[in-house]
Amino acid sequence: MITFSYPIVTPTLTLQLRSPDLNDSVIHDNRVTFVRLMNDTVRSYVSSPRNKKLVLSFRLITKAKLDEINTFIKNTLGYEIKLVDWRSRTWHGYIISDPLEYRCIADDNYTLTLEYQGILQ
């Protein structure tokens, strides 16, 4: 189970979803810099920002739950949101899926992909 809540300190809006299918994926944005020193040796430096991008994929979402997700995103777009993921880790960040990506696979079943960018607390 994962929970989105806004505002972070005293939440008035919450959205609960089951755990994402196949867990989730974290996209790392590591940057490598190469420097050639005066004695002709090459050094490399890796910098990794604190912000991580989570991609959460869900299957078999009903139309009612999809409407609830859409309403939550419209009300909190651009504001910092707390996410408690399926491992009980707390993240502070933003939902960056705009527009909401979903696809109908049956009468009342949808697939949904959410992207969230934040900092692990």
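**Exercise 1. Helix 1 and its ion pairs**

Work out whether K63 is buried, partly exposed or exposed in this predicted model, and find out which residue forms a salt bridge with K63.

*Solution.*
- Start with the accessibility: K63 has a relative value of 34%. The partly exposed class sits between the 20% and 50% cut-offs, so K63 counts as partly exposed.
- Next, look for the partner. That's D67, with the closest N and O atoms 3.4 Å apart.
- Check the partner's own exposure: D67 is partly exposed too, at 37%.
- Now the spacing. D67 and K63 are 4 residues apart in helix 1, so about one helical turn separates them.

**Exercise 2. A second pair in the helix**

Which residue meets the side chain of E68 in a salt bridge, and how many residues apart are the two in helix 1?

*Solution.*
- The partner is K65, and the N to O distance is 3.4 Å.
- Count along the chain: E68 and K65 are 3 residues apart in helix 1, so here again the separation is about one helical turn.
- For exposure, E68 comes out at 36%, partly exposed. K65 is at 23%, which is also partly exposed.

**Exercise 3. A salt bridge with a buried end**

Take the salt bridge between R89 and D85. Decide whether D85 is buried or exposed, and do the class assignment for R89 as well.

*Solution.*
- The closest N and O atoms of R89 and D85 are 2.9 Å apart.
- R89 has a relative accessible area of 22%, so it is partly exposed.
- D85 is at 3%, and the buried class is anything under 20%, so D85 counts as buried.
- To put the pair in context, a search of the whole structure turns up 5 salt bridges.

**Exercise 4. The nonpolar core**

Find the residues with the most contacts inside the largest nonpolar core, then list what F4 touches.

*Solution.*
- The largest core holds 21 residues, and F4 and L114 have the most contacts inside it.
- Several elements give two or more residues each to this core: strand 1 (2-6), strand 2 (13-17), strand 6 (52-61), helix 1 (63-76), strand 7 (81-84), strand 8 and strand 10 (110-120).
- Skip residues up to four places away in sequence, and F4 touches L13, T14, L15, L17, L56, F72, I81, K82, L83, I95, L114 and Y116.
- Compare that list with S5, found in strand 1. With neighbours within four places set aside, S5 is in contact with P11, L13, T14, F72, I81 and K82.
- S5 is at 4% relative accessibility, so it counts as buried.

**Exercise 5. A serine in a loop**

Where does S97 lie, and which backbone nitrogen does its side chain reach?

*Solution.*
- S97 lies in the loop between strand 8 (90-95) and strand 9 (101-104).
- Despite the loop setting, S97 is buried, at 4% relative accessibility.
- Leaving out neighbours within four places, its contacts are T113, L114 and E115.
- The side chain of S97 gets to the backbone nitrogen of E115 at 2.5 Å.

**Exercise 6. The nonpolar surface patch**

Name the residues that make the nonpolar surface patch and the strands that each supply at least two of them.

*Solution.*
- V32, F34, V42 and V46 make the patch, which covers about 420 Å².
- Strand 4 (31-36) and strand 5 (42-47) each supply at least two of its residues.
- Zoom in on F34, in strand 4: F34 is exposed, at 59% relative accessible area.
- R43, in strand 5, has F34 among its contacts, together with T33, V35 and L37, once neighbours within four places are left aside.
- R43 is partly exposed, at 45%.

**Exercise 7. Backbone oddities**

Which two residues does the cis peptide bond join, and what are the phi values of D40 and S88?

*Solution.*
- Keep the usual picture in mind: most peptide bonds are trans, and most residues other than glycine have a negative phi.
- The cis bond joins Y6 and P7, with omega about -15°. P7 sits in the loop between strand 1 and strand 2.
- D40 has a positive phi, near 70°. D40 is in the loop between strand 4 and strand 5 and is exposed, at 53%.
- S88 has a positive phi of about 65°. The loop between strand 7 and strand 8 holds S88, which is exposed at 60%.

Definitions and conventions
Residues numbered from 1 in each chain as written. Predicted model: local features only at pLDDT ≥ 70, side-chain atom pairs only at ≥ 80, totals over all residues. Heavy atoms only, no water. Patch = residues over 30% accessible without salt bridge, like charges linked within 9 Å, V, L, I, M, F, W, Y side chains within 5 Å. Areas by Shrake-Rupley, 256 points an atom, 1.4 Å probe, with all protein chains shown as cover. Salt bridge = Lys/Arg side-chain N within 4 Å of Asp/Glu carboxyl O. Buried < 20%, exposed > 50% of the residue type's maximum accessible area, 1.4 Å probe, protein only. Contact = heavy atoms within 4.5 Å. Polar contact = N/O pair within 3.5 Å; in protein donor to acceptor, adjacent residues only side chain to side chain. Core = buried A, V, L, I, M, F, W, Y, C linked by side-chain atoms within 4.5 Å.
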